[in-house]
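Let's walk through this one as a quick back-and-forth. Keep the viewer open and follow along as the questions come up.

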Amino acid sequence: MIDFEAFFKITYGLFIVSSGNKTKGNGFISNTVFQVTADPPRFAICCNKNNFTADFITRTGVFSVSILEKDTSPEIMGRFGYKSGRDFDKLQGMSVKYGETGVPIVLNESIAYLECTVSQTIDTGTHLMFIGDLVQSAVLESTKEPLTYLYYRQVKKGIAPKNAPTYIDKSKLEASKPSVTFKKFKCSSCGYLYDEETEGVKFSDLPDSWTCPICGTEKSDFIEV
Ligand SMILES: Cc1cc2nc3c(=O)[nH]c(=O)nc-3n(C[C@H](O)[C@H](O)[C@H](O)COP(=O)(O)O)c2cc1C
């Protein structure tokens with residue numbers, strides 16, 4: 001038997017993984033970044049093969065990791081986590097620093113960053129795991145806390161989309177839950193759908209201060225569908 005709730009007990013951070021160069025770059029939200037060795041310092045990231053950023057990392061052999069602050073805005077999560085760089089220039093208008101390798105590093109709402117060169121690529125099926133040797137790292141905000149996946153899910157009521165390794169298919173989740181009536185609520189601004197069944201929390205139980213994880217629209221502007 002597989003209890004998908006057990007998966008949610010694994011802790012993660014949340015990051016913007018970027019790649020490319022000064023001419024063209026791109027980045028995506030990732031919760032799968034972790035240190036794999038101390039000497040030399042090496043870090044792994046897991047990138048869906050369909051992510052636009054995957055092509056950049058494969059082509060340039062470099063990536064950066066921006067470690068997001070606890071109160072990262074829905075705009076940053078929406079821009080880098082729910083939209084693709086195939087449709088618009090995600091780095092346009094962002095505060096970007098270029099690393100020693102020329103890789104773009106997003107500074108917005110980030111407390112620290114890492115710059116890495118790819119030393120190994122592992123094909124895991126849907127995702128490529130890139131192992132990177134550290135080139136440089138720096139702290140941007142020493143007093144702020146990092147955003148965790150748990151905080152994003154439980155407090156911000158955010159979810160992971162299909163390309164995230166931690167995405168759980170709705171039908172599989174349904175099968176492991178008791179049958180009760182669930183409702184869906186749509187954001188009147190961006191169309192984001194809050195599904196009580198997937199979220200496991202009734203819409204009415206969300207605090208009044210809750211806002212759309214995509215565009216920041218207020219709870220009162222959601223419509224039941
Ligand atoms: C909370 C969250 C966690 C995510 N984690 C990952 C991840 O670890 N790996 C991944 O490939 N995509 C992950 N994604 C999905 C990508 O960020 C998303 O597909 C993005 O739009 C890809 O952008 P791109 O096509 O411009 O590269 C995550 C998204 C969110 C919101």
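Q: In this predicted model, how long is the polar contact that joins the side chains of T217 and S189?
A: Start with T217, which sits in the loop between α5 (196-199) and β12 (222-224). A polar contact needs its N or O atoms within 3.5 Å. The side chains of T217 and S189 make one, and its length is 3.4 Å.

Q: Is T217 buried or exposed?
A: Buried means under 20% relative accessible area. T217 has 13% relative accessibility, so T217 counts as buried.

Q: How far apart in space are P213 and T37, C-alpha to C-alpha?
A: P213 is in the loop between α5 and β12, and at 5% relative accessibility it counts as buried. In sequence, P213 and T37 are 176 residues apart. In space, their C-alpha atoms are separated by 34 Å.

Q: What about G102 and I223: how far apart are they in space, C-alpha to C-alpha?
A: You'll find G102 in the loop between β6 (96-98) and β7, where it counts as buried at 13% relative accessibility. Along the sequence, G102 and I223 are 121 residues apart. From C-alpha to C-alpha in space, the distance is 45 Å.

Q: Which residue does a cis peptide bond join to D39?
A: Most peptide bonds are trans. Here a cis bond follows D39, with omega at about 5°. The partner lies in the loop between β3 (33-37) and β4, and the residue joined to D39 is P40.

Q: Is E109 buried or partly exposed?
A: E109 is found in the loop between β7 (104-106) and β8 (110-123), and its phi is near 55°, a positive value in a residue other than glycine. Buried would take under 20% relative accessible area, and exposed over 50%. E109 has 25%, so it counts as partly exposed.

Q: And K157, is it buried or exposed?
A: K157 lies in the loop between α3 and α4 (170-175). Its phi is also positive, near 60°, in a residue other than glycine. The buried class runs under 20% relative accessible area. With 14% relative accessibility, K157 counts as buried.

Q: Now the ligand: how much of its exposed area does the protein bury?
A: Look at the polar pairs to begin with. An oxygen atom of the ligand is 3.0 Å from an N or O atom in the side chain of S30, while a ligand nitrogen is 2.9 Å from an N or O atom in the side chain of N31. N163 joins in through a backbone N or O atom, 3.4 Å from a nitrogen atom of the ligand. Taken alone the ligand exposes 650 Å², and the share the protein buries is 97%.

Q: Which element gives the most to the shell around the ligand?
A: Five elements supply at least two residues each: β4 (42-48), α1 (52-60), α2 (74-81), α3 (149-154) and β2 (25-30). The top contributor has four residues in the shell. That element is β2.

Q: How many charged residues does the shell around the ligand have?
A: There are 28 residues around the ligand, and T32, N48, T53, G85 and K90 come nearest. By class, 14 of the shell residues are nonpolar and 12 are polar. The charged ones number two.

Q: Which pocket is the space taken by the ligand?
A: Ranked by size, the space that holds the ligand is the second largest pocket.

Key:
Residues are numbered from 1 along each chain as its sequence is written. This is a predicted model: local features need pLDDT of at least 70, side-chain atom pairs count only at pLDDT 80 or more; totals for chains, interfaces and linings use all residues. Side-chain values use heavy atoms; hydrogens and water are left out. A residue is near a molecule or strand if one of its heavy atoms lies within 4 Å of it. A polar contact is a pair of N or O atoms within 3.5 Å; within protein, one must be able to donate a hydrogen and the other to accept it, and residues adjacent in sequence count only if both atoms are side-chain atoms. Accessible areas come from the Shrake-Rupley method with a 1.4 Å probe; for residues, only the protein chains shown count as cover. On a 1 Å grid over the protein atoms alone, a cavity is a set of points where a 1.4 Å probe fits but cannot get out, and a pocket is an open set with protein on both sides within 12 Å along at least five of seven lines; lining residues have an atom within 4 Å of a point. A molecule sits in a cavity or pocket if more than half of its atoms lie within 2 Å of its grid points. Ala, Val, Leu, Ile, Met, Phe, Trp, Tyr, Cys and Pro count as nonpolar, Asp, Glu, Lys and Arg as charged, and the others, Gly among them, as polar. Buried means under 20% relative accessible area, exposed over 50%, partly exposed in between (1.4 Å probe, protein chains only).
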